[in-house]
Amino acid sequence: MTLYRPEAFERLTDTGWDEARARAGIREVVADTDRAFRGPKLFWKAHEWDGWHGTSPMKNLYVGTAGVLWALDRLREHAGTTLDLRALAARNVELFRERPDYLKGFTLPEPRDSSLLCGEAGILLVACKLGNLEYADDLYELIRSPNEAEEVMWGAPGTLIASHAMYTWTGDARWRDAWDETAKGLLARRDEDGLWTQRLYKQVYKSLTPPHGLVGNVCALLPRLEEETAAELKRDSAAVLARSVHREDGIANWPPRERPELPGPDGEIRVQWCAGSPGIVITAAEYLDEELLLAGAELPWRTGPPTLEKGPNICHGTAGNGYAFLKTFERTGDEEWLDRARRFAMHALEQVERVDGRYSLWTGQLGVALYAAACIDANADYPFMDYV
């Protein structure tokens with residue numbers, strides 16, 4: 001049995017950790033993003049993969065303008081942008097409403113606008129975060145809309161993240177009440193095996209992954225659950241991960257869906273945030289059995305960084321895998337994991353220099369800059385799953 005495909009990874013850079021160089025890399029990412037801005041109608045040109053079956057410019061949180069603006073705001077203490085983020089966030093809402101950029105030719109969960117990562121909800125959340133609270137009522141209505149998807153990207157767990165963020169920022173009790181109502185329904189729909197049944201893109205399945213399954217849902221639920229309910233949910237989820245893991249020679253990996261085989265429907269064995277051990281470690285580090293945590297984090301170190309086919313990003317690339325080392329450092333206190341995270345940060349920044357500019361949060365260079373900043377600060381928090 002093999003837990004990864006060696007040809008999908010490359011040799012780790014010989015460049016050691018250099019904080020000054022990391023800070024310079026962050027500044028260059030922000031400066032390049034500013035230079036690539038094409039004005040308040042065109043924003044940033046979508047990468048071919050990001051704009052697949054969509055409409056450029058992309059506006060959403062996952063691969064579009066909302067994610068870029070949010071990241072530029074988060075990076076202010078490391079590198080100041082020249083752009084008016086508040087005004088652009090409001091303009092992004094208008095552009096989305098004029099021309100939504102949903103995937104064409106796909107059956108999407110309804111109501112699709114309430115999607116955190118791909119719909120209007122995430123765009124409104126970023127607009128509110130940047131000071132445009134006139135959109136709060138619209139966001140509230142989307143959060144309260146019953147959503148048929150049971151995962152973070154499109155469904156109710158994503159709206160949990162949004163309502164928790166809005167309650168934290170505003171203290172308005174309606175956001176707390178919306179969270180409580182959504183969480184109660186989500187917990188009631190959990191199956192007896194501890195998983196949720198997904199109905200997405202005309203498929204019905206059960207998933208383990210952060211964007212589409214178990215660990216993402218649990219992460220969205222934990223911040224406000226009562227202590228006893230949270231403890232039970234963590235125990236049950238740890239048991240699911242223990243029974244679904246694949247182990248070999250000191251490393252561990254998880255399939256995207258709970259099944260005997262590691263490869264996905266396309267035959268690929270994934271080692272990334274959105275599917276595979278890095279995502280499990282990052283999102284379930286709080287309650288995952290420590291032996292499995294260590295074996296799951298060891299896997300992306302042993303593979304080395306993903307090649308440029310996957311890229312340097314935080315979704316399915318080098319920076320995303322590096323967050324697994326930060327989480328393991330946070331849990332264990334072992335400095336070796338922080339050293340590994342920082343080595344991956346240097347490699348990811350070098351990969352950014354080897355590819356054309358890609359302006360998105362999850363799939364582009366902005367996520368890499370956030371990861372480099374996290375390595376400077378020795379902070380394991382992953383965007384939106386741990387902080388907004």
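Is Glu-350 buried or exposed? Keep that in mind while you get set up: what you have open is a predicted model, and this tour goes from one selection to the next.

**Stop 1: two distant helices**

Select Glu-350 and Arg-21 together. Their side chains form a salt bridge, and the closest N and O atoms are 3.8 Å apart. Color helix 1 (residues 19-36) to see where Arg-21 sits, then helix 13 (residues 335-354) for Glu-350; because the partners lie in those two helices, the pair ties together parts that are 329 residues apart in sequence. Now for the opening question: Glu-350 is buried, with a relative accessible area of 19%. That value falls under the 20% cut-off for buried. Arg-21, on the other hand, is partly exposed, at 43%.

**Stop 2: a pair within helix 1**

Stay on helix 1 and pick Asp-32 and Arg-35. Here's another salt bridge, with 3.6 Å between the closest N and O atoms. Both residues belong to helix 1 and sit three residues apart, about one turn of the helix. Turn on the surface and look for Arg-35: its relative accessibility is 55%, so it counts as exposed.

**Stop 3: helix 3 meets helix 4**

Next, select Arg-97 and Glu-120. Their side chains meet in a salt bridge of 2.7 Å, N to O. Arg-97 is part of helix 3 (residues 85-98) and Glu-120 is part of helix 4 (residues 120-129), so this pair ties together parts that are 23 residues apart in sequence. Check the surface again here: Arg-97 is partly exposed at 41% relative accessibility, while Glu-120 is buried at 9%.

Now bring up Arg-5, Glu-7, Asp-266, Glu-268, Arg-270 and Lys-310 as one selection. Salt bridges with shared partners join these residues into one network. How many salt bridges does the count come to? It comes to 31. As for the general idea, side chains of opposite charge can pair when their charged atoms come close.

**Stop 4: a negative patch**

Switch to a surface view and select Asp-180, Glu-226, Glu-227, Glu-228 and Glu-232. These residues gather in a patch of negative charge on the surface. Which helix gives the largest share of the negative patch? That's helix 9 (residues 227-244), which supplies three residues. Zoom in on Glu-227, which is found in helix 9. Glu-227 is exposed, with a relative accessible area of 70%.

**Stop 5: two cysteines**

Hide the surface and show Cys-274 and Cys-315 as sticks. For the sulfur of Cys-274, the closest cysteine sulfur is in Cys-315, 3.7 Å away, which is too far for a bond. Start from Cys-315 and you land back at Cys-274, with 3.7 Å between the sulfurs. To count as a disulfide, the sulfur atoms would have to be within 2.5 Å. How many disulfides does the structure hold? The number is zero. Both of these cysteines are tucked under the buried cut-off: Cys-274 is buried at 16% relative accessibility, and Cys-315 is buried at 2%.

**Stop 6: two cis peptide bonds**

Time for some backbone. Most residues other than glycine have a negative phi, and most peptide bonds are trans. The next few selections go the other way.

Go to Ser-56 and Pro-57. The peptide bond from Ser-56 to Pro-57 is cis, and its omega is near 0 degrees. You'll find Pro-57 in the loop between helix 1 and helix 2 (65-74).

Then move on to Glu-110 and Pro-111. The bond joining Glu-110 to Pro-111 is cis, with omega near -5 degrees. Pro-111 is in the loop between helix 3 and helix 4, and those helices hold the Arg-97 and Glu-120 pair from Stop 3.

**Stop 7: two positive phi angles**

Select Tyr-201. Its phi is near 55 degrees, a positive value in a residue other than glycine. Look on either side along the chain: Tyr-201 is in the loop between strand 1 (197-200) and strand 2 (203-206). With a relative accessible area of 27%, Tyr-201 is partly exposed.

For the last pick, jump to Asp-249. Phi of Asp-249 is near 50 degrees, again positive in a residue other than glycine. The loop holding Asp-249 runs between strand 3 (246-248) and strand 4 (251-253). Put the surface back on and you should find Asp-249 exposed, with a relative accessible area of 66%.

Key
Residues are numbered from 1 along each chain as its sequence is written. This is a predicted model: local features need pLDDT of at least 70, side-chain atom pairs count only at pLDDT 80 or more; totals for chains, interfaces and linings use all residues. Side-chain values use heavy atoms; hydrogens and water are left out. Patches are made of residues with over 30% relative accessible area and no salt bridge: like charges are joined within 9 Å, nonpolar side chains (Val, Leu, Ile, Met, Phe, Trp, Tyr) within 5 Å. Accessible areas come from the Shrake-Rupley method with a 1.4 Å probe; for residues, only the protein chains shown count as cover. A salt bridge is a side-chain nitrogen of Lys or Arg within 4 Å of a carboxyl oxygen of Asp or Glu. Lys and Arg count as positive and Asp and Glu as negative; His and the chain ends are not counted. The place of a charge is taken as NZ of Lys, CZ of Arg, CG of Asp or CD of Glu. Helices (H or I, at least four residues) and strands (E, at least two) are DSSP runs, numbered from the N terminus. Buried means under 20% relative accessible area, exposed over 50%, partly exposed in between (1.4 Å probe, protein chains only).
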